[in-house]
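Hi,

Here is the model we talked about. Have a look at it first, and my notes on what turned up follow below.

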Amino acid sequence: MTAPLLEAQGVTMRFGGVTAVNSVNFALREMELRCLIGPNGAGKSTFFKMLTGQLRPSAGRILLRGRDITGAEPYRIARLGVGIKTQVPNVFDGLSVQENVFVAAARRGSASQARRITAATLERLRLTAIAGRLVGQLAHGQRQWVEVATVLAQEPELVLLDEPAAGMTHEEVLRTAELIREINQTHALIVVEHDMQFIRMIARTVTVFNQGSILVEDDVERVLANAAVRDVYLGKQAA
Amino acid sequence: MALTGLILFNVANSIAVLVLLSLGLGVIYGMMKIINLAHGEFLMLGAYTTVVSTNAGLNLWVAMLIAAPVAVGLFGLLVERLFIRFLYGRMIDTMLATWGLSLAVIGLITTIFGNTVRGVAAPFGGFAIGGYQTSLYSLFVIAVAAVMAAGLWLVLRFTRFGLIVRATMQNPNMAAALGAPPPQIYMVTFALGSALAGLAGGVLAPVSGVSPVMGSAFIARAFITVLGGGPAIVTGTGLASTLFGGISEVATFLTTPVFGQVALLLAALIMIRILPQGITGRLLRRSL
Amino acid sequence: MTGWASFVAMVAAGLALLFGLPMVFDLFGLLQMTVFVAMAVLALSQGFIWGYGGVMSFGQTAFFGLGGYTYAVAVLNMGDSTVPVLLSVLVPTLFAALLGYFMFYGRISDAYIGVITLTVTVILFNVVNSTAGDFYTIGNAALGGFNGMPSVPPLNVPGDPSSPLDPEQTWYAAMGALILVYVLLRMILASRFGRVVVAIRENETRAQLLGYDTRLYKLVVFAIGGGIAGLGGCLYTNWGSFISPTVFGLAASAQVLIYVLVGGLGTLLGPILGAFGIQYLISLIGTQEAVNANLVLGAILVVFVLLVPQGVVPVVRGLFRRVPNGRRGRVAEAAVVEP
């Protein structure tokens, strides 16, 4: 049994009197693909923000390959190999698609290496045709792809995707699922999603968040058949 | 002993001046998140109103305590209607536009009154602390600052207007849902802040030379105090005035006024490194 | 135009002015152009850190004035102007780095950065203004308070203080410096560092999440801008053999912003043209009594912020380059890395 890639121990985030994430214990193996689901406000995005250093947990520890990264600067965590696509597309609107990806690829290695990674990533995400367009002028779905491209171009060890399929057409959703499986050939991933169909397409293990805590963590079919999970989604347990 | 008394008196005066200088700016910034770069010129207009209306035969007290705030308050209202309201939510653009206003007002006043320093004789005489002679007017300045801060606090805390303003600060949409349209609140707030600046300009007119560029002598201190104070208008401005007024007065006493200014700047820089959100951004967050 | 073509065209135009203007202008005209050039260098520093770095400095004149005073003090003490010129760049660079450390590592917002930089320049004004008297003397150099420092020795042939540059040679030095700064900035912007700088302006969070320490990048941008502004201050002091605290004043700081805003944010050509245009306008206003320069400048600033926020150069470019999509906001326009 090797050490997990990512481990959260008793991670808690309080905003004033509200506890958004309440002592969550979470572990992800190397090369694992994990889906996080849960109703709005369950604490998924807050959890992601703590994993990437955008928020410092009120309590608890976060370990990446055994190394404590709790509350480290976002750029340090990124350098340790964590890449994230955020919920709201977080891209460089005033730069072209190609420049967006180049900036991501250029952090390490030589310029020619960065150009090679950029070209390969654009090809992989089928963005080559629009490489020269300003990202701010693209449709929502395309902007999401650009963001995924920047995440991949930084060659992370762990990829976090916050609602990668939101606002996409059916075809784009299928392509996203395919891409996630492809990324998973070489990387570990955590994917936050609402779309159950999408979850079925990609998931093996699912973690369900509710009211800041982990409700269940199990195989996808068992989770989706779980009565408590259904209740959460149908709002019976909302009180 | 007398020396200590004198120093304490000067520190109190220095704090009071900072409160006067910054309260109007603080009201506008705290409630509307607008940094009015023409604040110094609003003070200057208050001072000019006092000079002009006393020269026209108006009683000095009426001129500084009533004419100055009313005139500058109305001017603020006009400015808000003419262009500030088009720039809500665009903080940097508002700063640039108010800076343009600042230059234009300096230019206008220079054109009308010339680039000369005028003065108003300070009323009262002096009084002695031990063997040291000092000005009674400073005591009046301290009193005005205290009344202004206390009055604003009471208005915010106990009146319906204060309640609406506080609600708007917390959440403009919520306040709108309660039947207080934010545009009107902003308009009134801007006018109130302007009036406070006018009052301060009037009260400080006798102790500072009145000239078109007098605003720039005040503006740095006012900004430092408001940013240092943080979100709570009265408490923040009061605490920051005390801190910075004390530091600069003590540094001035120990060295020269030049180093007093330098000490003020250094204190402000260290402060933004330690408390980037200002004093009340971290401490006493629930105060006003 | 592609990046290279526009770059070559700009440098060619600069060289044409460098050698052409002495033939066209008399000595007075050339002197006036020399001070315009000093202002254009200052404008480039503001245009670089604001338009590309997204750093909202309202007090570039702090570094300009510091450069000017550093040159004056150093040259009065050293005689030869070579080291003082270097110091006039170095001292403001270091001061900007120090100030930048407090601001960027304190993570304050853009608006606060504007206020702090403004405050710094105003305080420098107040401080230098009150340095009259013998107490405030650095070596041979008396700071002179509000009277400023007269009779500052001009630039000389490097290493030979006995051969000062004449006005025409000073023009070559100043215009040469402007071209050099322009080339330097173009190179920076074309580099990987420059790409990241523009990316940070576009979305700081994203840049952090990609592993860039954005605080450090902004600090370096700010320090470079400080150094360039210092060079402008050195040229300015040279032009008049004189410097006074007004260089730190609020009106001066506003002027720099007006150059950039009028010329065009997110371009390098815009600030240069803005500096020339506004300085020319000020010199015109100076010849008459009726209208006050501050009044005109203030009105220009308000009008541009409200009506032409993207500035003249981008608007003119937009007329020539038809863009199918209607999105011509400041962000989209400013992003293009061009002169």
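Let me start with one residue pair in chain A: A:L6 has A:L28 of β2(A) as its bridge partner. Keep in mind throughout that this is a predicted model.

That pair belongs to the stretch where β1(A) and β2(A), the latter covering residues 18-28, run antiparallel and are joined by seven bridges. The two strands form a hairpin with two residues between them, and there A:G16 takes a positive phi near 55 degrees. If you like checking backbone angles, A:G16 is one to click on.

β1(A), residues 6-15, also pairs with β4(A), residues 59-64, again in the antiparallel sense, this time over five bridges. To find the register on screen, look for A:T12, which stands opposite A:A59 of β4(A). From β4(A) the pairing carries on to β5(A), antiparallel once more, with two bridges. A:L63 and A:D68 of β5(A) face each other there.

Put together, this makes an open sheet of four strands in chain A, in the order β2-β1-β4-β5 and with antiparallel pairing. Which strands stand at the edges? They are β2 and β5 (67-68) of chain A; each has a single partner strand, so one side of each is left without a neighbour in the sheet. As for what packs on the strands, helix α1(A), residues 44-51, lies across β1, β2 and β4 of chain A, and runs at about 65 degrees to β2(A).

Zooming out, the domain assignment splits chain A into domain 1 (1-81 + 156-239) and domain 2 (92-155). The centres of the two domains, taken over C-alpha atoms, are separated by 25 Å. How many residues make the contact between them? Eight residues of domain 1 of chain A touch seven of domain 2 of chain A. On the domain 1 side, the residues in contact with domain 2 are five nonpolar, two polar and one charged.

Chain A also meets chain C: 24 residues of chain A are in contact with 21 residues of chain C. On the chain A side, the elements giving two or more residues are α2 (74-79) and α3 (97-105). By class, that side of chain A has 13 nonpolar, seven polar and four charged residues.

Now chain C itself. Its secondary structure comes to 14 helices and two strands. The C-alpha atoms fill a box of roughly 60 × 50 × 45 Å along the principal axes. A compact globule of 339 residues would have a radius of gyration near 20 Å, and chain C agrees with that because its own value is 20 Å. Buried residues account for 54% of the 339 in chain C. Looking at contacts in chain C between residues at least 6 apart in sequence, 76% join residues at least 24 apart.

Last, the interface of chain C with chain B. Here 38 residues of chain C are in contact with 35 residues of chain B. The elements of chain C that give two or more residues to this side are α4 (82-105), α5 (110-129), α10 (250-263) and α12 (293-307). Which of them gives the most? That is α5(C), with 12 residues. The chain C residues on this side divide into 26 nonpolar, 10 polar and two charged.

Cheers

Methods
Residues are numbered from 1 along each chain as its sequence is written. Chains are lettered from A and ligands numbered from 1 in the order in which they are written. This is a predicted model: local features need pLDDT of at least 70, side-chain atom pairs count only at pLDDT 80 or more; totals for chains, interfaces and linings use all residues. Two residues are in contact if their C-beta atoms, placed from the backbone, lie within 7 Å. Ala, Val, Leu, Ile, Met, Phe, Trp, Tyr, Cys and Pro count as nonpolar, Asp, Glu, Lys and Arg as charged, and the others, Gly among them, as polar. The radius of gyration is taken over C-alpha atoms; the globule rule is 2.2 Å times the number of residues to the power 0.38. A residue is buried if 20 or more other C-beta atoms lie within 10 Å of its own, exposed if 12 or fewer, and partly exposed in between; C-beta atoms are placed from the backbone. Two strands pair if DSSP finds at least two bridges between them. Axes are lines fitted to C-alpha atoms, for helices over the stretch in contact, and angles run from 0 to 180 degrees between N-to-C directions. Domain bounds come from an automatic or database domain assignment.
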